[in-house]
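Me: I should like to study how a protein holds its ligand and where empty space remains inside the protein. Please work through the following structure with me.

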Amino acid sequence: MSTYVEEIMAYVQEKNPGEPEFHQAVEEVAQSVVLVMDRYPEYRAAKIFERMIEPERVILFRVPWMDDHQEIHINRGYRIEMNSAIGPYKGGLRFHPSVNLGILKFLAFEQVYKNSLTSLPMGGGKGGSDFDPKGKSKNEVMRFCQSFMDELFRHIGPDTDVPAGDIGVGGREIGFMFGQYKRLRNEFTGVLTGKGLNWGGSLIRPEATGFGAVYFAAEMLATRNESLEGKVCLVSGSGNVAQFTVEKILDLGGKAVTLSDSSGYIYDETGIDRDKLDYVKLLKNAQRGRIAEYADKYKEAVYTPIDPAMDHNPLWNHKASCAFPSATQNEINARDARNLLDNGVYVVSEGANMPTEKPGVKLFLEHGVLYGPGKAANAGGVAVSGLEMTQNSMRLPWTRDEVDHRLQMIMKNIHKTCRDVAEKFGTPGNYVNGANIGGFLKVADAMLDQGLV
Ligand code: NDP
């Protein structure tokens with residue numbers, strides 16, 4: 001590790017104790033950004049990176065709500081407003097029991113570079129709560145969302161901070177929060193993205209992250225004159241990102257054979273076809289069931305429970321060419337990465353944020369895997385959120401084809417930026433450096449232009 005990165009990490013660890021995911025995300029970017037510092041010392045003198053790792057603002061609040069049995073619960077709400085150098089804060093809200101300050105800071109930090117890569121004018125933020133929507137009734141989720149917005153509304157706005165969905169926050173939750181914001185402010189504005197189609201949402205927004213991750217994989221494959229046609233793909237998760245990843249794999253002629261949730265995974269050697277995918281959408285989005293039920297319905301599939309205490313995730317131990325981790329952070333450790341390599345995987349396109357632990361990333365890079373890190377490969381979601389903001393400002397919705405075309409162009413450009421920047425900084429084919437440095441430069445220059453901010 002270079003002295004610069006060591007100094008940064010000592011500082012980050014001292015100032016942010018007990019936040020391992022945030023340390024991990026900062027270290028990964030610092031290891032790329034050091035190449036910029038060596039070549040352009042003005043960024044170092046201006047302490048741009050030291051400024052970037054300190055959020056502009058952290059909002060932490062109480063979210064009290066009452067369940068269906070009149071029992072009171074208190075959750076914690078957060079919004080991290082990380083960086084607004086190139087636009088209003090933008091980034092999702094996550095509702096999951098694992099949510100804490102460190103996890104949201106890592107996500108907000110990643111978001112800054114990701115949003116910059118899209119070339120749209122969006123700063124970076126992230127928020128959420130340790131509330132667990134699993135097992136809650138619709139009314140309980142609504143009351144929680146309303147209480148959450150009772151505080152958040154005073155900190156956000158269409159030109160200030162525009163949240164979206166993430167784990168545990170889909171169209172239903174965005175609807176409840178939008179409704180409450182509108183009541184409190186008496187304004188109909190584009191304050192959230194991922195809205196319903198008949199009240200300001202954009203076509204292709206639900207699909208965008210998964211579609212984008214597959215477009216990114218297709219771009220990486222094209223550098224070797226290959227395509228997804230006929231390729232076997234491992235996909236984790238079974239939520240928003242995973243579902244539309246499978247859909248686009250099918251569109252491009254590939255075959256997805258796995259899906260998971262936090263209890264276990266299914267392996268369907270015959271492939272998850274369109275009918276089966278429709279069933280998964282119904283199961284997960286309407287019935288809010290478990291992926292185990294897939295194997296009850298389709299006897300050709302095998303369900304395996306996943307114990308988080310295991311030293312590896314068996315989902316990553318099947319013969320395939322491509323992997324699309326689409327569940328959560330750190331779901332691929334060194335052993336999983338080794339299993340992927342041994343099973344022939346040579347394309348990894350990350351739908352989830354930071355799903356691969358550091359030793360896994362190192363293995364992928366050492367073995368020449370076409371490895372698209374989350375901040376590049378899953379930027380399609382926030383990109384279409386940016387397009388939703390544009391349509392809201394214009395009060396003019398675009399067609400499905402128009403949004404999809406723009407999404408494809410954005411993913412193509414992100415891919416090109418990553419490759420060009422990696423090449424320019426002497427690490428050709430390294431999408432990690434390409435994404436980190438490409439994202440960094442635009443934000444850093446804006447910060448320099450704006451004085452000591
Ligand atoms: P969803 O809530 O729709 O789905 C999440 C899926 O991942 C579920 O199948 C869930 O299973 C599983 N999962 C969540 N936490 C864990 C865990 N700790 N261990 C194992 N499985 C887990 O979320 P999304 O699909 O929206 O998000 C998935 C990933 O993609 C996240 O990393 C998110 O940050 C990232 N992302 C999402 C974007 C979007 O537009 N939605 C944009 C960019 C990135 P279970 O139901 O059991 O919890």
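**The ligand and the empty spaces**

Reply: In this predicted model, an N or O atom in the side chain of Thr209 is 2.7 Å from an oxygen atom of the ligand.

Me: Which residue has a polar side-chain atom 2.8 Å from an oxygen atom of the ligand?

Reply: A polar contact requires a pair of N or O atoms within 3.5 Å. An oxygen atom of the ligand and a polar side-chain atom lie 2.8 Å apart, and the residue that supplies the side chain is Asn353.

Me: How much of the accessible area of the ligand does the protein cover?

Reply: On its own, the ligand has 880 Å² of accessible area. The part of this area covered by the protein is 83%.

Me: Which class of residue, nonpolar, polar or charged, has the highest count in the shell around the ligand?

Reply: The ligand is surrounded by 25 residues, with Asp166, Thr209, Ser262, Arg290 and Asn353 the closest. Divided by class, the shell has 4 nonpolar and 7 charged residues, set against 14 that are polar. The class with the highest count is therefore polar, with Gly counted in it by definition.

Me: Which domains each give at least three residues to the shell around the ligand?

Reply: Two helices, H8 (205-222) and H9 (240-251), are the elements that give two or more residues to this shell. At the level of domains, at least three residues come from each of domain 2 (55-188) and domain 3 (208-377).

Me: What volume does the largest cavity have?

Reply: The structure holds 1 cavity of 30 Å³ or more. Residues that line the largest cavity include Glu28, Glu110 and Lys375, and the lining divides into 5 nonpolar, 2 polar and 4 charged residues. The space in the largest cavity is about 50 Å³.

How values were computed: Residues are numbered from 1 along each chain as its sequence is written. This is a predicted model: local features need pLDDT of at least 70, side-chain atom pairs count only at pLDDT 80 or more; totals for chains, interfaces and linings use all residues. Side-chain values use heavy atoms; hydrogens and water are left out. On a 1 Å grid over the protein atoms alone, a cavity is a set of points where a 1.4 Å probe fits but cannot get out, and a pocket is an open set with protein on both sides within 12 Å along at least five of seven lines; lining residues have an atom within 4 Å of a point. Grid points are joined across faces, edges and corners, and a volume is the space filled by probe spheres set on the points. A residue is near a molecule or strand if one of its heavy atoms lies within 4 Å of it. A polar contact is a pair of N or O atoms within 3.5 Å; within protein, one must be able to donate a hydrogen and the other to accept it, and residues adjacent in sequence count only if both atoms are side-chain atoms. Accessible areas come from the Shrake-Rupley method with a 1.4 Å probe; for residues, only the protein chains shown count as cover. Helices (H or I, at least four residues) and strands (E, at least two) are DSSP runs, numbered from the N terminus. Domain bounds come from an automatic or database domain assignment.
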